[in-house]
Amino acid sequence: MSDIEDLTTTELLRPSELVKPIDRKAEAEAAGRGGRPQADLSVRLAGIPLRSPIVTASGCFASGKEIAEFMDLRVLGAVVVKSMTLEPWQGKPPPRMVETPSGMLNAIGLQNKGVDYFLRYDLQALNAAKVPVIASIAGNTQQEFVRVADRLRGAPGVIAVEVNISCPNLEDRSSMFSHDPKATAGVIGNVRRCLEVPVFAKLSPNVTSITDIAGAALDAGAAGLSLINTLLGMAIDIETGKPRLGGVMGGLSGPAIRPVAVRAVYEVRQAYPDVPIIGMGGVMDYKDALEMIWAGANAVAIGTANFIDPRSTLDITRGIERFLVEHGIRSLSRLRALSGPRSSPPAPSATPASAAPSPGAPPSAPLSRR
């Protein structure tokens, strides 16, 4: 089964509509390097300092260098690159993408050029752009995951590795790795032992209890979690009666899955209060990103929104910053503190000192001035 990680952004871009000249002054303001006073958006993720909580979702940002034509990548906390395997993968037959009323189905099949190509070409471009890199890896067997991870050992600029365990487990054809606690622990444990950088387990929502799978990944040595991958879906052409995807079924992304993602992040956060979480799933604007942060995400990955506007990560970063400035909150860490104990959702309050926005609500009333 494929997922959103496989998509190639440039397949959907319409350059004549989307290409805009880079506003270097605005970029600098967004990065906090000049202009009016800015809120501090910096976060720490598994001990790694990031200048922003906004990162890219794997496979939704091309190789990074293509998007550098539209924006300064240094605005981002990190680029999570397309999932790579030991050898090049050809992927699923076309058609590979289908638009739905509130999201997108894809069945690409983890098409990629392999880890050696990434190290030789893509990573160099990202390092030149001075943006931290989180390398996403995939495989059909535990040994393949380990061999990919081993190739990444000591790679310059790679601050963490995200293990995409939502691909088929050829050692047990009945499931994906992420659908089984034992298989999840096996992959994460083996990858963790051959890397010095933090390992994030990217989990599937298509399970009975994502908390149980999260626990297995953490017990095996994962430093953090990426939540969530796509939901399984399918579309049928009513004229032909045939599946609209060449791979028959695919992964649903976009606004339709955001409530599922928010629930998953919140649920796992309740179970593991101190675990670093990258939240993702249908985040289209800064309000969605703030909702994910309120749910418990330390960082937020942007996926499908990049296919609508390759500068969406920049707009979301600016939106969060503007929200904080308008509410007199000097830092994102302070905003987190306003949510209080994680035992209950951050609820709206009439008391200024504890006022917090309802998830996704516009900043209509000021929060406390801190």
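**View 1. Leu-232 meets its partner across two strands.** In this predicted model, Leu-232 has Gly-251 of strand β12 as its bridge partner. The pair is part of a longer match: β11 and β12 (residues 249-253) run antiparallel and are joined by four bridges. If strands are new to you, it helps to know that those of a sheet pair through backbone hydrogen bonds, in either a parallel or an antiparallel way.

**View 2. The four-stranded sheet around β11 and β12.** Stepping back a little, we find an open sheet whose strands follow the order β5-β6-β12-β11, with antiparallel pairing. Which strands sit at the edges? They are β5 (97-100) and β11 (231-234), each of which pairs on one side only. Ignoring direction, neighbouring strands in this sheet are turned against each other by 35° on average.

**View 3. A second sheet, this one with eight strands.** Here the pairing is parallel, and the open sheet reads β3-β14-β13-β10-β9-β8-β7-β4. Its edge strands, β3 (54-56) and β4 (79-80), each pair on one side only.

**View 4. Strands β7 and β8 with a helix packed on them.** Within the eight-stranded sheet, β7 (residues 133-137) and β8 (residues 158-164) pair in the parallel sense through five bridges. One point to look for is Ile-134, whose bridge partner in β8 is Ala-160. Helix α4 (residues 142-152) packs on the sheet and touches both β7 and β8. The direction of α4 makes about 155° with that of β7.

**View 5. Ile-137 and the residues it touches.** Leaving aside residues up to four places away in sequence, Ile-137 touches Met-84, Phe-145, Val-148, Ala-149, Leu-152, Val-161, Glu-162, Val-163, Asn-164 and Val-191. Ile-137 also belongs to the largest nonpolar core, which has 112 residues. Which members of this core touch the most others? They are Ile-137, Leu-152, Val-163, Leu-225 and Ile-320. Helix α8 (residues 286-295) gives the most to the core, contributing seven residues.

**View 6. The whole chain, to put the close-ups in place.** Altogether, the chain has 11 helices and 14 strands. How much of the chain is buried? Buried residues make up 57% of its 370 residues. Among contacts with a separation of 6 or more, 74% link residues 24 or more positions apart. On the outside, the chain exposes about 15,100 Å², and carbon and sulfur atoms supply 53% of that area.

Technical notes
Residues numbered from 1 in each chain as written. Predicted model: local features only at pLDDT ≥ 70, side-chain atom pairs only at ≥ 80, totals over all residues. Heavy atoms only, no water. Pairing = 2+ DSSP bridges. Axes fitted to C-alpha atoms, helices over the stretch in contact; angles between N-to-C directions. Core = buried A, V, L, I, M, F, W, Y, C linked by side-chain atoms within 4.5 Å. Buried < 20%, exposed > 50% of the residue type's maximum accessible area, 1.4 Å probe, protein only. Contact = heavy atoms within 4.5 Å. Areas by Shrake-Rupley, 256 points an atom, 1.4 Å probe, with all protein chains shown as cover.
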